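Colleague: I should like to go through this structure with you step by step, as one would for a student in the first year. May I put some questions to you?

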Amino acid sequence: MKITLRNVITPALTFFILLFTNCLASAGTASPINTIIEKAQTDNGATWAVSYTLDTPSERLVFVRNPDSSRVTRWLPINSDIEIVYNIAEQKEVVRSKTGKLISNVSFSLTPTYKHLGKDYAPFSPFSDGGNAFHSGRLFACANACTEEDNKWRLTLNVPSDEHIVLNGKVVKSSVSWSDNNDGRVVYVGKQQPIITDDVVALIDPGLPKSIKASLEEDIPNMMAFFSHSLNPLKGEKPMLFASYANVDDHSTQGGTLPNQIFMHWNRQDLNEQASNSNFVNQTLWFFAHEVAHFYQPGSTEGVSENEEQSWLHEGSADYFAAIAMNFLYEDTNSYVESRMTRAFESCTEGLAQTTLAHAYKNGQFNLYYSCGMIMHRAIDSVVQQKTFGEETLFTVWKRLQKAVHSGMPPGTATFLTLLEPYNAPELIKAINNATSDDAIKAIQGIETLYQLPE
Ligand SMILES: [Zn+2]
(Lines give C-alpha, C1' and ligand atoms only; values in the text may rest on other atoms or scores of the structure.)
Protein backbone atom coordinates (compact mmCIF):
# COMPACT_ATOMS: atom_id res chain seq x y z
CA MET A 1 0.00 0.00 0.00
CA LYS A 2 1.31 3.43 -0.85
CA ILE A 3 -0.53 6.55 -0.07
CA THR A 4 0.98 9.95 -0.47
CA LEU A 5 -0.85 12.38 1.69
CA ARG A 6 0.15 15.58 0.09
CA ASN A 7 -1.91 18.33 -1.33
CA VAL A 8 -0.86 18.11 -4.92
CA ILE A 9 -3.65 19.99 -6.57
CA THR A 10 -4.96 23.42 -5.88
CA PRO A 11 -8.48 23.24 -7.11
CA ALA A 12 -8.76 26.41 -9.13
CA LEU A 13 -11.90 25.15 -10.67
CA THR A 14 -14.64 24.34 -8.35
CA PHE A 15 -16.97 21.62 -9.36
CA PHE A 16 -20.30 22.45 -8.11
CA ILE A 17 -23.12 20.19 -7.80
CA LEU A 18 -25.63 19.69 -10.27
CA LEU A 19 -28.51 17.79 -9.07
CA PHE A 20 -30.33 15.05 -10.68
CA THR A 21 -33.67 15.26 -9.07
CA ASN A 22 -35.79 12.24 -8.72
CA CYS A 23 -38.78 14.18 -9.66
CA LEU A 24 -40.18 12.15 -12.50
CA ALA A 25 -42.29 13.72 -15.16
CA SER A 26 -45.82 13.21 -14.07
CA ALA A 27 -48.64 14.04 -16.39
CA GLY A 28 -48.83 17.33 -14.50
CA THR A 29 -51.74 19.66 -14.22
CA ALA A 30 -51.88 22.81 -16.29
CA SER A 31 -50.33 25.69 -14.42
CA PRO A 32 -52.79 28.45 -13.61
CA ILE A 33 -49.96 30.97 -14.02
CA ASN A 34 -48.66 32.55 -17.21
CA THR A 35 -45.00 33.48 -17.06
CA ILE A 36 -43.59 36.08 -19.45
CA ILE A 37 -39.88 36.79 -19.68
CA GLU A 38 -38.85 39.90 -21.51
CA LYS A 39 -35.44 41.11 -22.58
CA ALA A 40 -35.40 44.73 -23.74
CA GLN A 41 -32.70 47.11 -24.94
CA THR A 42 -32.74 50.54 -23.36
CA ASP A 43 -30.32 53.46 -23.58
CA ASN A 44 -28.71 52.12 -20.40
CA GLY A 45 -28.24 48.60 -21.72
CA ALA A 46 -30.24 45.41 -21.61
CA THR A 47 -32.97 44.81 -19.06
CA TRP A 48 -34.63 41.55 -18.14
CA ALA A 49 -38.05 41.27 -16.55
CA VAL A 50 -40.38 38.47 -15.59
CA SER A 51 -44.09 38.76 -14.98
CA TYR A 52 -46.64 36.33 -13.66
CA THR A 53 -50.33 36.47 -14.45
CA LEU A 54 -52.52 34.30 -12.26
CA ASP A 55 -55.81 32.90 -13.51
CA THR A 56 -57.09 33.01 -9.94
CA PRO A 57 -55.75 35.78 -7.65
CA SER A 58 -53.92 34.42 -4.62
CA GLU A 59 -52.39 35.62 -1.38
CA ARG A 60 -48.90 34.77 -2.36
CA LEU A 61 -46.61 33.33 -4.97
CA VAL A 62 -43.85 30.84 -4.18
CA PHE A 63 -41.13 29.25 -6.25
CA VAL A 64 -40.42 25.62 -6.95
CA ARG A 65 -36.69 26.10 -6.44
CA ASN A 66 -35.41 27.81 -3.29
CA PRO A 67 -31.66 27.26 -3.03
CA ASP A 68 -31.07 30.51 -1.12
CA SER A 69 -32.67 33.91 -0.52
CA SER A 70 -31.04 35.79 -3.38
CA ARG A 71 -34.28 36.67 -5.19
CA VAL A 72 -34.92 39.08 -2.30
CA THR A 73 -32.13 41.34 -3.56
CA ARG A 74 -31.85 40.35 -7.22
CA TRP A 75 -35.52 40.49 -8.22
CA LEU A 76 -36.91 44.02 -7.92
CA PRO A 77 -40.71 44.28 -7.83
CA ILE A 78 -42.01 46.78 -10.36
CA ASN A 79 -45.10 47.51 -8.23
CA SER A 80 -44.21 49.12 -4.88
CA ASP A 81 -46.92 47.16 -3.06
CA ILE A 82 -45.18 43.87 -3.86
CA GLU A 83 -42.25 42.40 -1.95
CA ILE A 84 -40.23 39.21 -1.87
CA VAL A 85 -39.41 38.02 1.61
CA TYR A 86 -37.53 34.99 2.79
CA ASN A 87 -39.62 32.79 5.03
CA ILE A 88 -37.09 31.10 7.29
CA ALA A 89 -39.48 28.48 8.64
CA GLU A 90 -40.43 27.31 5.17
CA GLN A 91 -36.98 28.06 3.71
CA LYS A 92 -38.69 29.72 0.81
CA GLU A 93 -38.80 33.05 -0.92
CA VAL A 94 -42.36 34.35 -0.90
CA VAL A 95 -43.94 37.03 -3.10
CA ARG A 96 -46.66 38.97 -1.29
CA SER A 97 -48.50 42.24 -1.14
CA LYS A 98 -47.34 44.66 1.57
CA THR A 99 -50.93 45.73 2.16
CA GLY A 100 -52.47 42.28 2.03
CA LYS A 101 -54.08 42.54 -1.41
CA LEU A 102 -54.58 39.44 -3.51
CA ILE A 103 -52.03 39.00 -6.28
CA SER A 104 -53.16 38.63 -9.88
CA ASN A 105 -50.29 40.13 -11.82
CA VAL A 106 -46.72 40.82 -10.65
CA SER A 107 -43.57 41.85 -12.48
CA PHE A 108 -39.95 41.91 -11.45
CA SER A 109 -36.87 43.44 -12.92
CA LEU A 110 -34.14 40.76 -12.87
CA THR A 111 -30.38 41.06 -12.33
CA PRO A 112 -28.96 39.24 -15.36
CA THR A 113 -25.45 38.64 -14.01
CA TYR A 114 -23.97 35.31 -12.95
CA LYS A 115 -24.95 34.23 -9.46
CA HIS A 116 -23.54 31.07 -8.02
CA LEU A 117 -26.22 29.02 -6.30
CA GLY A 118 -24.66 26.34 -4.10
CA LYS A 119 -27.25 23.70 -4.84
CA ASP A 120 -28.81 24.79 -8.07
CA TYR A 121 -28.17 25.93 -11.62
CA ALA A 122 -27.10 29.54 -12.08
CA PRO A 123 -30.09 31.72 -13.08
CA PHE A 124 -28.07 33.55 -15.76
CA SER A 125 -24.87 32.69 -17.63
CA PRO A 126 -23.76 35.85 -19.44
CA PHE A 127 -21.72 35.69 -22.63
CA SER A 128 -18.98 38.24 -23.21
CA ASP A 129 -20.68 39.66 -26.33
CA GLY A 130 -23.88 40.61 -24.50
CA GLY A 131 -25.70 37.31 -25.05
CA ASN A 132 -27.12 35.47 -22.09
CA ALA A 133 -28.37 32.02 -21.22
CA PHE A 134 -30.92 31.57 -18.48
CA HIS A 135 -32.32 28.63 -16.56
CA SER A 136 -36.09 28.42 -16.98
CA GLY A 137 -36.56 26.35 -13.82
CA ARG A 138 -35.52 29.37 -11.76
CA LEU A 139 -38.76 31.07 -12.84
CA PHE A 140 -41.23 28.29 -12.01
CA ALA A 141 -43.76 29.66 -9.52
CA CYS A 142 -47.00 28.53 -7.94
CA ALA A 143 -49.95 30.28 -6.31
CA ASN A 144 -49.82 29.83 -2.51
CA ALA A 145 -47.83 26.58 -2.47
CA CYS A 146 -46.11 24.24 -4.89
CA THR A 147 -47.16 20.62 -4.72
CA GLU A 148 -45.88 17.61 -6.60
CA GLU A 149 -48.77 18.06 -9.00
CA ASP A 150 -47.33 21.39 -10.11
CA ASN A 151 -45.08 20.27 -12.90
CA LYS A 152 -46.17 22.12 -15.99
CA TRP A 153 -45.27 25.72 -16.71
CA ARG A 154 -46.43 28.04 -19.46
CA LEU A 155 -43.66 30.40 -20.49
CA THR A 156 -43.35 33.10 -23.12
CA LEU A 157 -40.09 34.82 -23.98
CA ASN A 158 -39.85 38.14 -25.87
CA VAL A 159 -36.52 39.50 -27.11
CA PRO A 160 -35.35 42.61 -29.01
CA SER A 161 -35.73 42.52 -32.81
CA ASP A 162 -31.98 42.35 -33.49
CA GLU A 163 -31.49 39.32 -31.24
CA HIS A 164 -32.74 35.75 -31.32
CA ILE A 165 -33.59 32.88 -29.05
CA VAL A 166 -32.11 29.37 -29.14
CA LEU A 167 -34.63 27.00 -27.59
CA ASN A 168 -34.28 23.19 -27.82
CA GLY A 169 -31.66 23.51 -30.57
CA LYS A 170 -33.77 25.82 -32.74
CA VAL A 171 -33.25 29.48 -33.56
CA VAL A 172 -36.37 31.62 -33.10
CA LYS A 173 -36.87 35.36 -33.66
CA SER A 174 -38.64 37.87 -31.37
CA SER A 175 -41.01 35.69 -29.36
CA VAL A 176 -41.63 32.09 -28.39
CA SER A 177 -43.96 30.25 -26.01
CA TRP A 178 -43.40 26.80 -24.64
CA SER A 179 -44.47 24.46 -21.93
CA ASP A 180 -41.79 23.43 -19.46
CA ASN A 181 -41.51 20.80 -16.73
CA ASN A 182 -39.22 19.02 -14.25
CA ASP A 183 -35.92 20.91 -13.82
CA GLY A 184 -36.52 23.21 -16.79
CA ARG A 185 -33.92 24.00 -19.43
CA VAL A 186 -31.31 26.52 -20.47
CA VAL A 187 -32.40 29.02 -23.12
CA TYR A 188 -30.08 31.35 -25.04
CA VAL A 189 -30.84 34.96 -25.98
CA GLY A 190 -28.40 37.07 -28.01
CA LYS A 191 -26.90 37.68 -31.42
CA GLN A 192 -24.72 34.61 -31.80
CA GLN A 193 -25.73 31.93 -34.28
CA PRO A 194 -25.26 28.43 -32.88
CA ILE A 195 -22.60 26.14 -34.31
CA ILE A 196 -24.43 23.08 -35.60
CA THR A 197 -22.31 19.93 -35.99
CA ASP A 198 -23.13 16.24 -36.33
CA ASP A 199 -22.88 15.89 -32.56
CA VAL A 200 -24.18 19.06 -30.97
CA VAL A 201 -25.78 22.46 -31.34
CA ALA A 202 -23.28 24.71 -29.58
CA LEU A 203 -23.14 28.28 -28.34
CA ILE A 204 -19.51 28.96 -27.57
CA ASP A 205 -18.56 32.35 -26.24
CA PRO A 206 -16.46 34.18 -28.86
CA GLY A 207 -14.47 35.79 -26.02
CA LEU A 208 -13.08 32.51 -24.69
CA PRO A 209 -9.33 31.93 -25.20
CA LYS A 210 -8.58 30.17 -28.49
CA SER A 211 -7.33 27.01 -26.82
CA ILE A 212 -10.51 26.60 -24.78
CA LYS A 213 -12.67 27.20 -27.85
CA ALA A 214 -10.64 24.60 -29.75
CA SER A 215 -10.99 22.18 -26.87
CA LEU A 216 -14.76 22.68 -26.80
CA GLU A 217 -14.94 22.07 -30.53
CA GLU A 218 -12.63 19.04 -30.62
CA ASP A 219 -12.39 17.42 -27.21
CA ILE A 220 -16.08 17.39 -26.45
CA PRO A 221 -17.01 15.48 -29.63
CA ASN A 222 -14.17 13.04 -28.85
CA MET A 223 -15.44 12.56 -25.33
CA MET A 224 -18.96 12.10 -26.64
CA ALA A 225 -17.74 9.42 -29.01
CA PHE A 226 -15.88 7.71 -26.17
CA PHE A 227 -18.90 7.59 -23.86
CA SER A 228 -21.26 6.75 -26.67
CA HIS A 229 -19.15 3.66 -27.28
CA SER A 230 -18.55 2.79 -23.60
CA LEU A 231 -22.09 3.37 -22.40
CA ASN A 232 -24.95 3.83 -24.83
CA PRO A 233 -25.34 6.27 -27.72
CA LEU A 234 -27.63 9.21 -27.07
CA LYS A 235 -31.09 8.91 -28.48
CA GLY A 236 -33.34 11.64 -29.78
CA GLU A 237 -32.55 15.25 -30.54
CA LYS A 238 -29.02 16.59 -30.86
CA PRO A 239 -27.79 17.81 -27.49
CA MET A 240 -26.98 21.46 -26.83
CA LEU A 241 -23.74 22.82 -25.48
CA PHE A 242 -23.45 26.26 -23.88
CA ALA A 243 -20.08 27.72 -22.95
CA SER A 244 -20.15 31.26 -21.62
CA TYR A 245 -17.54 33.57 -20.20
CA ALA A 246 -18.05 36.65 -18.07
CA ASN A 247 -14.72 38.41 -17.75
CA VAL A 248 -15.22 39.65 -14.18
CA ASP A 249 -13.34 39.73 -10.91
CA ASP A 250 -14.30 36.34 -9.50
CA HIS A 251 -13.06 32.77 -9.44
CA SER A 252 -16.18 30.85 -10.12
CA THR A 253 -16.70 28.13 -12.68
CA GLN A 254 -19.82 26.11 -13.01
CA GLY A 255 -20.74 23.26 -15.22
CA GLY A 256 -23.86 21.24 -15.38
CA THR A 257 -26.25 19.18 -17.35
CA LEU A 258 -29.97 19.11 -17.88
CA PRO A 259 -31.69 16.64 -20.18
CA ASN A 260 -30.06 17.07 -23.58
CA GLN A 261 -28.02 20.09 -22.46
CA ILE A 262 -24.50 20.64 -21.16
CA PHE A 263 -23.38 24.03 -19.98
CA MET A 264 -20.27 25.62 -18.61
CA HIS A 265 -19.69 29.09 -17.38
CA TRP A 266 -16.48 30.80 -16.42
CA ASN A 267 -16.80 33.81 -14.17
CA ARG A 268 -13.23 35.02 -13.90
CA GLN A 269 -10.71 37.43 -15.35
CA ASP A 270 -7.65 35.34 -15.90
CA LEU A 271 -8.70 32.80 -18.51
CA ASN A 272 -6.17 34.06 -21.05
CA GLU A 273 -3.22 33.54 -18.70
CA GLN A 274 -4.65 30.28 -17.35
CA ALA A 275 -5.18 28.81 -20.80
CA SER A 276 -1.44 28.15 -21.14
CA ASN A 277 -1.09 26.55 -17.71
CA SER A 278 -1.07 22.75 -18.10
CA ASN A 279 -2.72 22.13 -14.75
CA PHE A 280 -5.56 24.44 -15.71
CA VAL A 281 -5.86 22.77 -19.11
CA ASN A 282 -6.10 19.35 -17.44
CA GLN A 283 -8.65 20.62 -14.94
CA THR A 284 -10.71 22.01 -17.80
CA LEU A 285 -10.58 18.72 -19.70
CA TRP A 286 -11.65 16.91 -16.55
CA PHE A 287 -14.44 19.40 -16.08
CA PHE A 288 -15.68 18.77 -19.64
CA ALA A 289 -15.34 15.00 -19.31
CA HIS A 290 -17.27 15.00 -16.03
CA GLU A 291 -20.15 16.94 -17.55
CA VAL A 292 -20.16 14.93 -20.77
CA ALA A 293 -20.18 11.73 -18.68
CA HIS A 294 -23.39 12.85 -16.94
CA PHE A 295 -24.96 13.04 -20.30
CA TYR A 296 -24.37 9.40 -21.04
CA GLN A 297 -24.91 8.25 -17.50
CA PRO A 298 -27.53 5.65 -18.04
CA GLY A 299 -30.80 6.67 -16.60
CA SER A 300 -29.62 10.15 -15.67
CA THR A 301 -32.82 11.80 -16.72
CA GLU A 302 -34.87 9.32 -14.74
CA GLY A 303 -32.72 9.92 -11.69
CA VAL A 304 -29.68 7.78 -11.08
CA SER A 305 -29.57 8.33 -7.37
CA GLU A 306 -32.71 7.88 -5.36
CA ASN A 307 -32.06 10.95 -3.23
CA GLU A 308 -29.27 13.41 -2.43
CA GLU A 309 -27.77 11.08 0.17
CA GLN A 310 -26.85 8.75 -2.67
CA SER A 311 -25.18 11.38 -4.85
CA TRP A 312 -21.94 9.38 -4.68
CA LEU A 313 -23.54 7.25 -7.38
CA HIS A 314 -23.93 9.88 -10.09
CA GLU A 315 -21.18 12.33 -9.06
CA GLY A 316 -18.63 9.68 -8.14
CA SER A 317 -19.19 7.76 -11.35
CA ALA A 318 -19.06 10.92 -13.48
CA ASP A 319 -15.68 11.75 -11.92
CA TYR A 320 -14.37 8.24 -12.40
CA PHE A 321 -15.71 8.09 -15.97
CA ALA A 322 -13.87 11.40 -16.54
CA ALA A 323 -10.68 9.75 -15.28
CA ILE A 324 -11.11 6.81 -17.66
CA ALA A 325 -11.83 9.10 -20.61
CA MET A 326 -8.79 11.28 -19.82
CA ASN A 327 -6.51 8.25 -19.59
CA PHE A 328 -7.88 6.85 -22.83
CA LEU A 329 -7.97 10.02 -24.90
CA TYR A 330 -4.91 11.92 -23.62
CA GLU A 331 -1.95 9.78 -22.65
CA ASP A 332 0.00 12.68 -21.22
CA THR A 333 -2.67 13.29 -18.58
CA ASN A 334 -2.05 9.99 -16.77
CA SER A 335 -0.03 11.50 -13.96
CA TYR A 336 -2.59 14.27 -13.53
CA VAL A 337 -5.33 11.64 -13.25
CA GLU A 338 -3.25 9.66 -10.73
CA SER A 339 -2.70 12.73 -8.59
CA ARG A 340 -6.40 13.46 -8.60
CA MET A 341 -7.09 9.94 -7.34
CA THR A 342 -4.65 10.44 -4.49
CA ARG A 343 -6.15 13.79 -3.66
CA ALA A 344 -9.69 12.35 -3.83
CA PHE A 345 -8.76 9.61 -1.37
CA GLU A 346 -7.19 12.14 0.96
CA SER A 347 -10.09 14.59 0.92
CA CYS A 348 -12.64 11.78 1.19
CA THR A 349 -11.12 10.33 4.35
CA GLU A 350 -10.62 13.80 5.86
CA GLY A 351 -14.25 14.60 5.13
CA LEU A 352 -15.60 11.33 6.49
CA ALA A 353 -13.97 12.13 9.81
CA GLN A 354 -16.39 15.09 10.01
CA THR A 355 -19.59 13.84 8.42
CA THR A 356 -21.14 10.70 7.01
CA LEU A 357 -21.53 10.30 3.28
CA ALA A 358 -25.32 10.24 3.65
CA HIS A 359 -25.31 13.60 5.44
CA ALA A 360 -22.54 15.29 3.48
CA TYR A 361 -24.97 17.30 1.35
CA LYS A 362 -26.70 18.69 4.44
CA ASN A 363 -23.38 19.63 6.00
CA GLY A 364 -22.08 21.56 3.03
CA GLN A 365 -19.63 18.80 2.04
CA PHE A 366 -21.11 17.87 -1.30
CA ASN A 367 -17.57 17.45 -2.64
CA LEU A 368 -17.42 14.11 -0.77
CA TYR A 369 -19.81 12.60 -3.30
CA TYR A 370 -17.20 13.30 -5.95
CA SER A 371 -14.10 12.25 -4.03
CA CYS A 372 -15.41 9.24 -2.09
CA GLY A 373 -17.68 8.30 -4.97
CA MET A 374 -14.75 8.23 -7.38
CA ILE A 375 -12.71 5.95 -5.09
CA MET A 376 -15.73 3.67 -4.73
CA HIS A 377 -16.28 3.43 -8.49
CA ARG A 378 -12.60 2.87 -9.14
CA ALA A 379 -12.69 -0.12 -6.77
CA ILE A 380 -15.84 -1.50 -8.38
CA ASP A 381 -14.28 -1.20 -11.83
CA SER A 382 -11.18 -3.02 -10.71
CA VAL A 383 -13.05 -5.87 -8.98
CA VAL A 384 -15.46 -6.33 -11.91
CA GLN A 385 -12.53 -6.53 -14.32
CA GLN A 386 -10.63 -8.98 -12.09
CA LYS A 387 -13.62 -11.25 -11.56
CA THR A 388 -14.50 -11.36 -15.26
CA PHE A 389 -10.91 -11.52 -16.52
CA GLY A 390 -11.38 -8.20 -18.27
CA GLU A 391 -14.61 -9.19 -20.03
CA GLU A 392 -16.65 -6.64 -18.11
CA THR A 393 -16.02 -3.23 -16.56
CA LEU A 394 -17.80 -0.59 -14.53
CA PHE A 395 -19.43 0.51 -17.77
CA THR A 396 -21.11 -2.93 -18.03
CA VAL A 397 -22.58 -2.45 -14.56
CA TRP A 398 -23.84 1.01 -15.45
CA LYS A 399 -25.44 -0.21 -18.64
CA ARG A 400 -27.24 -2.84 -16.56
CA LEU A 401 -28.33 -0.15 -14.13
CA GLN A 402 -29.98 1.68 -17.01
CA LYS A 403 -31.78 -1.48 -18.11
CA ALA A 404 -32.86 -2.24 -14.56
CA VAL A 405 -34.26 1.27 -14.04
CA HIS A 406 -36.00 1.17 -17.42
CA SER A 407 -37.64 -2.10 -16.52
CA GLY A 408 -39.06 -0.63 -13.33
CA MET A 409 -36.44 -1.17 -10.62
CA PRO A 410 -36.04 1.89 -8.40
CA PRO A 411 -32.95 4.01 -9.15
CA GLY A 412 -30.42 4.20 -6.35
CA THR A 413 -27.87 2.35 -4.27
CA ALA A 414 -29.97 -0.73 -3.49
CA THR A 415 -30.50 -1.57 -7.17
CA PHE A 416 -26.89 -0.74 -7.98
CA LEU A 417 -25.59 -3.06 -5.25
CA THR A 418 -27.88 -5.86 -6.43
CA LEU A 419 -26.13 -5.65 -9.79
CA LEU A 420 -22.77 -6.24 -8.08
CA GLU A 421 -23.90 -9.46 -6.39
CA PRO A 422 -23.26 -11.80 -9.36
CA TYR A 423 -19.56 -10.89 -9.22
CA ASN A 424 -19.25 -12.76 -5.95
CA ALA A 425 -17.21 -10.04 -4.28
CA PRO A 426 -18.48 -9.86 -0.68
CA GLU A 427 -15.43 -7.89 0.38
CA LEU A 428 -16.28 -5.15 -2.12
CA ILE A 429 -19.94 -4.96 -1.05
CA LYS A 430 -18.97 -4.91 2.61
CA ALA A 431 -16.51 -2.07 2.03
CA ILE A 432 -19.12 -0.05 0.12
CA ASN A 433 -21.64 -0.60 2.89
CA ASN A 434 -19.05 0.49 5.42
CA ALA A 435 -18.13 3.57 3.40
CA THR A 436 -21.77 4.68 3.32
CA SER A 437 -22.45 3.79 6.97
CA ASP A 438 -23.08 6.29 9.76
CA ASP A 439 -20.06 5.15 11.73
CA ALA A 440 -17.09 7.40 10.92
CA ILE A 441 -14.41 4.82 11.74
CA LYS A 442 -16.14 2.14 9.68
CA ALA A 443 -16.66 4.58 6.83
CA ILE A 444 -12.99 5.55 6.69
CA GLN A 445 -11.96 1.90 6.92
CA GLY A 446 -14.35 1.14 4.08
CA ILE A 447 -12.79 3.81 1.87
CA GLU A 448 -9.26 2.64 2.78
CA THR A 449 -10.16 -0.89 1.76
CA LEU A 450 -11.68 0.33 -1.49
CA TYR A 451 -8.68 2.51 -2.24
CA GLN A 452 -6.37 -0.48 -1.88
CA LEU A 453 -8.51 -2.96 -3.81
CA PRO A 454 -7.13 -2.08 -7.26
CA GLU A 455 -3.57 -2.83 -6.17
ZN1 LIG B 1 -21.55 16.31 -11.76
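Modeller: Let us begin with I429, which lies in helix α10, residues 426–435. Please keep in mind that this is a predicted model.

Colleague: Is I429 buried or exposed?

Modeller: A residue counts as buried when its relative accessible area is under 20%. The relative accessible area of I429 is 18%, so I429 is buried.

Colleague: Which residues is I429 in contact with, leaving aside its neighbours within four places in sequence?

Modeller: Contact here means heavy atoms within 4.5 Å. With the neighbours within four places in sequence set aside, the contacts of I429 are L417, L420 and E421.

Colleague: How far apart in space are I429 and N79?

Modeller: In sequence, 350 residues separate I429 and N79. In space, from C-alpha to C-alpha, the distance between I429 and N79 is 59 Å.

Colleague: Into which domains is the chain divided?

Modeller: Domain 1 consists of two stretches, 33–112 + 137–178. Residues 201–296 make up domain 2, and the remaining one in the division is domain 3 (300–452).

Colleague: How much area do domain 2 and domain 3 bury between them?

Modeller: The size of an interface is often given as the accessible area lost when the parts come together. The C-alpha centres of domain 2 and domain 3 lie 23 Å apart. The contact takes 19 residues from domain 2 and 25 residues from domain 3. Of the area buried between domain 2 and domain 3, 72% is on carbon and sulfur atoms, and the area itself is about 1,900 Å².

Colleague: How many residue pairs are in polar contact across the interface of domain 2 and domain 3?

Modeller: Across the interface of domain 2 and domain 3, the rule finds zero salt bridges. For polar contact across the interface of domain 2 and domain 3, with both residues at pLDDT 80 or more, the number of residue pairs is six.

Colleague: Which helix gives the most to the side of domain 2 that touches domain 3?

Modeller: On the side of domain 2 that touches domain 3, at least two residues each come from α2 (210–230) and α4 (278–296). The most, ten residues, is given by α4.

Colleague: How many disulfides does the structure hold, and in what pattern?

Modeller: One disulfide is formed by C142 and C146, and another by C348 and C372. The structure therefore holds two disulfides, each a pair of cysteine sulfur atoms within 2.5 Å. With bonded cysteines counted along the chain, the pattern is 1-2, 3-4.

Colleague: Is C146 buried or partly exposed?

Modeller: C146 and its partner C142 have sulfur atoms 2.1 Å apart, and their link is right-handed, with 100° about the S-S bond. The relative accessibility of C142 is 4%, so C142 counts as buried. C146 has 26% relative accessibility and therefore counts as partly exposed.

Colleague: How far apart in sequence are the parts that C348 and C372 tie together?

Modeller: The link of C348 and C372 is right-handed, with 110° about the S-S bond. C348 lies in helix α6 (residues 334–352) and C372 in helix α7 (residues 367–387), so the parts tied together are apart in sequence by 24 residues.

Colleague: Why does R71, which meets E93 in a salt bridge, count as buried?

Modeller: Side chains of opposite charge can pair when their charged atoms come close. R71 and E93 form such a salt bridge at 2.5 Å, N to O. This pair links distant parts of the chain, with R71 in helix α1 (residues 71–74) and E93 in strand β6 (residues 92–97). R71 counts as buried because its relative accessibility is 0%.

Colleague: D81 and K101 also meet in a salt bridge; which of the two counts as exposed?

Modeller: The side chains of D81 and K101 meet at 3.8 Å, N to O. D81 has a relative accessible area of 14%, so D81 is buried. At 52% relative accessibility, the residue that counts as exposed is K101.

Colleague: In which helix do E346 and R343 both lie?

Modeller: The side chains of E346 and R343 meet in a salt bridge of 3.1 Å, N to O. The two residues are three residues apart, about one turn of the helix, and that helix is α6.

Technical notes: Residues are numbered from 1 along each chain as its sequence is written. This is a predicted model: local features need pLDDT of at least 70, side-chain atom pairs count only at pLDDT 80 or more; totals for chains, interfaces and linings use all residues. Side-chain values use heavy atoms; hydrogens and water are left out. Buried means under 20% relative accessible area, exposed over 50%, partly exposed in between (1.4 Å probe, protein chains only). Helices (H or I, at least four residues) and strands (E, at least two) are DSSP runs, numbered from the N terminus. Domain bounds come from an automatic or database domain assignment. Buried area is the accessible area (1.4 Å probe) that two parts lose on being put together, summed over both. A salt bridge is a side-chain nitrogen of Lys or Arg within 4 Å of a carboxyl oxygen of Asp or Glu. A polar contact is a pair of N or O atoms within 3.5 Å; within protein, one must be able to donate a hydrogen and the other to accept it, and residues adjacent in sequence count only if both atoms are side-chain atoms.
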